[in-house]
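Trainee: I would like a close look at one part of this model, with its surroundings described as one connected account. Please start from the charged contacts and work outwards.

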Amino acid sequence: SFLYARTNHHPEPSMGSSSSKAATSSSISSVTNSSQVPAVQEHDKISVAKVPTTAQTTTKRECPFKMFWSKEETPSEKNNPKNDQTTSCPVTTSSKQGGCPVKHTSDTNSSKEQPPAYNVYAQPINPNNQMPSETIINQLPAPTQTVELSTERVKSNIPKGGTADQTWTYPSPQMFYNALARKGKLENTEEQLLMESVVHLHNQMNEATWKKILQWEELWWSSDTTPKLLKFCGRPSDLSPKARFKHLVLGHPLPFDRHDWTLVRSDGQTVRYVIDYYYDETPSLDNNNTTNNNNILVDVRPALDTPSSVYHRTFLMPLARRGLLSSSSSNFEPLPMVPSDLLKQQTGESKNVWENIQKRKKGPAEVDTTTNTTPIPEEEAVKLAKIFAQSLKECQKAQKAVNLCQNDKECTEASLNLTMCMSKILCPIQHKAVVQSVHSNDDEDEDLYTTRLNAALENATQCIGQVHEKIAWSKTNYPQAFSQSKSK
């Protein structure tokens, strides 16, 4: 890799521990065949005099590194008793716990015990763990990212089960992008520019789904006892029996996604809903529609898990829709079983989408992002040559410090300084995330602070390695671009 070529003698440093010597076997000078050894700017230095080890516990939250931008404590601050208060997470954070931070409140007007709250991954949330580490990491820019994305999260209109009066919170564009990156669903870098629109469409689709669910639930609940969404899970690779029948028998296109939503009613009863999402390429008749919501067809119905669900789905709802019930009526419009002629013509495309989904069914295997085999256009290669030349010039001193370090402390500090110097030029978004992590809230838990800093630095390191792969490819295929940059 560009900076952290691992060897048995020189292991890679970690932000959360006092690590051994960090090597740069594949250093900048060896990549460029240059004998120049350059200087890092003074303001980009990092001191590692206070790197906590895994065996150490601290009573006062300190930055894992004595960063150049870290605020020095004044004598009065050191003597302030408030600074001596201990800060620790009341509950051990588990990798299985995460999701939207929730502040739980008790319902004093109800004698019923609240059901457990779940996160967006259908995992139970510990009420004492308000800010899981997964949420923090998911708000950091990914190593492959080149466009800064918003971390703002929007509250939905969907009541959250397990809470008194809260609603679900949608993922931010940054969280959505990271989720797609982990699942290997990003095809090109241009998708970053569309992420805001993708998230907006995703949110609107969920709101429309909830409205349809409420139309079903109106047959059960009164106006003052609204049900709540307890948890949900995506099952895109599992074809529901209804979708399978519609496709094999009636020639309907296959759905591009499936969700299972579990609701909790006011009496504590839970019910599961199955939702199939279809894409309709038939142009919308509404010329003023700019959200393309009419292109998404939603098939919502209760799962046939209980005799009650079977009765309501096969008898009660059809009668309510036709106004044949004296107790209630419904304006629910189900998705037609038989597709239109234009929809039938899209069956072939839906099969291709389904085949791609099945290829990813093997699980959440990490996508190898350390190599880049995609051809790079000459224009991008010229830009890479320029920033590479800039990095050689500005990071000479940092590279020299890595080459000449004598002990673990010196080599760890030199390696981190080189990473910060290179990321500032090659990966500015990831570099910014590291700086922001250092300046994160002072009242934050020590473990979460270190986790954020570790993840931000790791993303920056991976980004540098990926940019180096692009540079190596470009240098082989467009040597003239690098010759021109070197001459300048």
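Trainee: How many salt bridges does a search of the whole structure find? And which residues of helix α6 are buried?

Mentor: The model is a predicted one. A search across the whole structure gives eleven salt bridges. One of them joins the side chains of Lys246 and Asp299, with 3.6 Å from N to O. Lys246 belongs to helix α6 (residues 241-248) and Asp299 to strand β8 (residues 296-302), so this pair ties together parts that lie 53 residues apart in sequence. Lys246 and Asp299 are both buried.

That bridge leads to the helix itself. The buried residues of α6 are Lys242, Ala243, Lys246 and His247. Viewed down the axis of α6, these residues fall within an arc of 130°, so they line one face of the helix. The general geometry is familiar: an α-helix has 3.6 residues a turn, so residues three or four places apart point the same way. The buried residues of α6 pack against β7, β8, α7 and α9. On the other side of the helix, Pro241 and Leu248 are exposed.

Leu248 also takes part in a nonpolar surface patch of about 490 Å², made by Phe245, Leu248, Val249, Met337 and Val338. Of these, Val338 sits in the loop between α7 (307-321) and α8 (341-344). Val338 counts as exposed because its relative accessibility is 53%, and the cut-off for that class is over 50%.

Back on the buried side, Asp299 has a second charged partner. Its side chain meets that of Arg301 in a salt bridge of 3.7 Å, N to O. Asp299 has a relative accessible area of 2% and is therefore buried. Arg301, at 4%, is buried as well. Elsewhere, salt bridges with shared partners link Arg235, Asp238, Arg258, Asp260, Arg272 and Asp305 into one network. Within that network, Arg258 forms a salt bridge with Asp260, where the closest N and O atoms are 3.1 Å apart. Arg258 and Asp260 are both buried.

Next comes the nonpolar packing. The largest nonpolar core has 24 residues, and those with the most contacts inside it are Trp210, Trp261, Leu263 and Tyr273. Two or more residues each are given to this core by α5 (195-217), β6 (257-264), β7 (270-279), β8 and α7. The largest share, five residues, comes from α5. Tyr273 connects several of the residues already named. Apart from neighbours within four places in sequence, its contacts include Trp261 and Leu263, and also Asp260 and Arg301 from the salt bridges described above. The contacts of Tyr273 also include Ile213, Trp216, Glu217 and Trp220.

Glu217 and Trp220 appear again around Arg265, which is in contact with Glu217, Trp220, Pro227 and Val271 when neighbours within four places in sequence are left aside. Arg265 lies in the loop between β6 and β7. Despite its place in a loop, Arg265 is buried, with a relative accessible area of 11%.

Helix α9 (residues 347-359), one of the elements against which the buried residues of α6 pack, holds Trp354. Trp354 counts as buried because its relative accessibility is 16%, the cut-off being under 20%. Its C-alpha atom is 7.1 Å from that of Leu254, although Trp354 and Leu254 are 100 residues apart along the chain. Leaving aside neighbours within four places in sequence, Trp354 is in contact with Pro236, Ser237, Asp238, Leu239, Leu254 and Pro255. Among these contacts is Asp238, which is also a member of the salt-bridge network.

Some values for the whole chain give the setting. The protein chain has 15 helices and eight strands. Of its 488 residues, 44% count as buried. Among contacts between residues at least 6 apart in sequence, 70% join residues at least 24 apart. The chain exposes about 26400 Å², of which carbon and sulfur atoms supply 51%.

For another helix with its buried residues on one side, take α11 (residues 396-404), where Ala398, Gln399 and Val402 are buried. These residues cover an arc of only 100° around the axis, which puts them on the same side of α11.

Definitions and conventions. Residues numbered from 1 in each chain as written. Predicted model: local features only at pLDDT ≥ 70, side-chain atom pairs only at ≥ 80, totals over all residues. Heavy atoms only, no water. Patch = residues over 30% accessible without salt bridge, like charges linked within 9 Å, V, L, I, M, F, W, Y side chains within 5 Å. Areas by Shrake-Rupley, 256 points an atom, 1.4 Å probe, with all protein chains shown as cover. Salt bridge = Lys/Arg side-chain N within 4 Å of Asp/Glu carboxyl O. Helix = DSSP H or I, 4+ residues; strand = E, 2+ residues; numbered from the N terminus. Buried < 20%, exposed > 50% of the residue type's maximum accessible area, 1.4 Å probe, protein only. Arc of directions from axis to C-beta. Contact = heavy atoms within 4.5 Å. Core = buried A, V, L, I, M, F, W, Y, C linked by side-chain atoms within 4.5 Å.
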